[in-house]
Amino acid sequence: MPRRLPVGSPFQLLLLASSFALAAYAGVRLLAGDWFGVALWLVGAALLHDFVLLPLYTVADRAVVQGLDATRHRDWTPYVRVPAALSGLLLLVWFPLISGTADRRYQLATGQSTDPYLGRWLLISAVLFGGSALLLALRVRRATKHRPPADH
């Protein structure tokens, strides 16, 4: 008996075809000007991610997991991972503005300074970690409320 191909619904196939068409259009527009520079940037970004950033955040994640394992609280790991990942993603996307390396070009293009970006990123990171700590505190409090009293 022939096996049926695992294809999605017609709506899913339409969405997939639309996303490929949009990506192809964006690629053509992006590569129209300086295709060599864009290709070089993409290859450099992939190499930087795979050979520098991936090992760095893998080591950091393992340190967090082992540290929480040592305190017998491994289930708290997501409360560190999620804000760290979001903060790191924001840093990666906005790095030229946060670090101030794009100050001159940014100021010429927008008429604004890159000075507030570092403070805003730090504030957003603090809010992310603070919110995560608050959620963890609520979880711990709820868990201790429902724990039966210890027999003496």
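## Exercises on helices H3 and H5

Thr114 lies in the loop between H4 and H5. The exercises below concern this residue and the surrounding helices in a predicted model.

**Exercise 1. Determine whether Thr114 is buried or exposed, and identify the residues it contacts.**

Solution. Begin with the accessibility: the relative accessible area of Thr114 is 5%. The cut-off for a buried residue is under 20%, and Thr114 is therefore buried. Next, set aside the neighbours within four places in sequence; Thr114 is then in contact with Leu97, Gly100, Ala102, Asp103 and Tyr106. Of these partners, Leu97 is itself one of the buried residues of H3, and Gly100, just after H3, takes a positive phi of about 85°. Finally, consider a residue of H5: Gly130 is 16 residues from Thr114 in sequence, and their C-alpha atoms are 25 Å apart in space.

**Exercise 2. Establish how H3 and H5 are oriented relative to each other, and describe their contact.**

Solution. First locate the two elements: H3 covers residues 78-99 and H5 covers residues 115-145. Their axes are 10 Å apart and form an angle of about 175°. Angles over 145 degrees count as roughly antiparallel, and H3 and H5 are therefore roughly antiparallel to each other.

Then examine the residues that meet. The H3 side includes Tyr79, Pro83, Ser87, Leu90, Trp94 and Ile98, while the H5 side includes Tyr117, Trp121, Ser125, Phe129, Ser132 and Arg139. Sorted by class, the contact of H3 with H5 has 18 nonpolar, 3 polar and 1 charged residues.

Two C-alpha distances complete the picture. Leu118 and Leu97 are 21 residues apart in sequence, with 7.8 Å between their C-alpha atoms. Val82 and Phe129 are 47 residues apart along the chain, and their C-alpha atoms are separated by 8.7 Å. Leu118 belongs to H5 and is partly exposed at 41% relative accessibility; Val82 belongs to H3 and is partly exposed at 47%.

**Exercise 3. Compare the span of each helix with the span expected at 1.5 Å a residue, and locate the bend in H3.**

Solution. Take H5 first. This helix has 31 residues and reaches 46 Å from its first C-alpha to its last, close to the expected 45 Å. Turn next to H3: a straight helix of 22 residues would span 32 Å, but H3 spans only 28 Å between its end C-alpha atoms. Now inspect the course of H3, which bends by about 70° at Val93. A proline, Pro96, follows Val93 within four residues.

**Exercise 4. List the buried residues of H3 and H5, and name helices that cover them.**

Solution. In H3, the buried residues are Pro83, Ser87, Leu97 and Ile98. Their cover includes H5 and helix H4, residues 103-110. In H5, the buried residues are Tyr117, Trp121, Ser125, Ser132 and Leu136. The cover of these residues includes H3 and H4.

**Exercise 5. Describe the backbone and the surroundings of Arg72.**

Solution. Start with the position: Arg72 is in the loop between helix H2, residues 35-70, and H3. Next, consider the backbone. Most residues other than glycine have a negative phi. Arg72 is not a glycine, yet it has a positive phi of about 60°. Lastly, apply the accessibility cut-off: a residue over 50% is exposed, so Arg72, at 76% relative accessibility, counts as exposed.

Conventions. Residues numbered from 1 in each chain as written. Predicted model: local features only at pLDDT ≥ 70, side-chain atom pairs only at ≥ 80, totals over all residues. Heavy atoms only, no water. Axes fitted to C-alpha atoms, helices over the stretch in contact; angles between N-to-C directions. Parallel < 35°, antiparallel > 145°, perpendicular 65-115°, else oblique. Contact = heavy atoms within 4.5 Å. Nonpolar A, V, L, I, M, F, W, Y, C, P; charged D, E, K, R; others polar. Buried < 20%, exposed > 50% of the residue type's maximum accessible area, 1.4 Å probe, protein only. Expected span 1.5 Å × (residues − 1). Bend = angle between axes of the 7 residues up to and from the residue.
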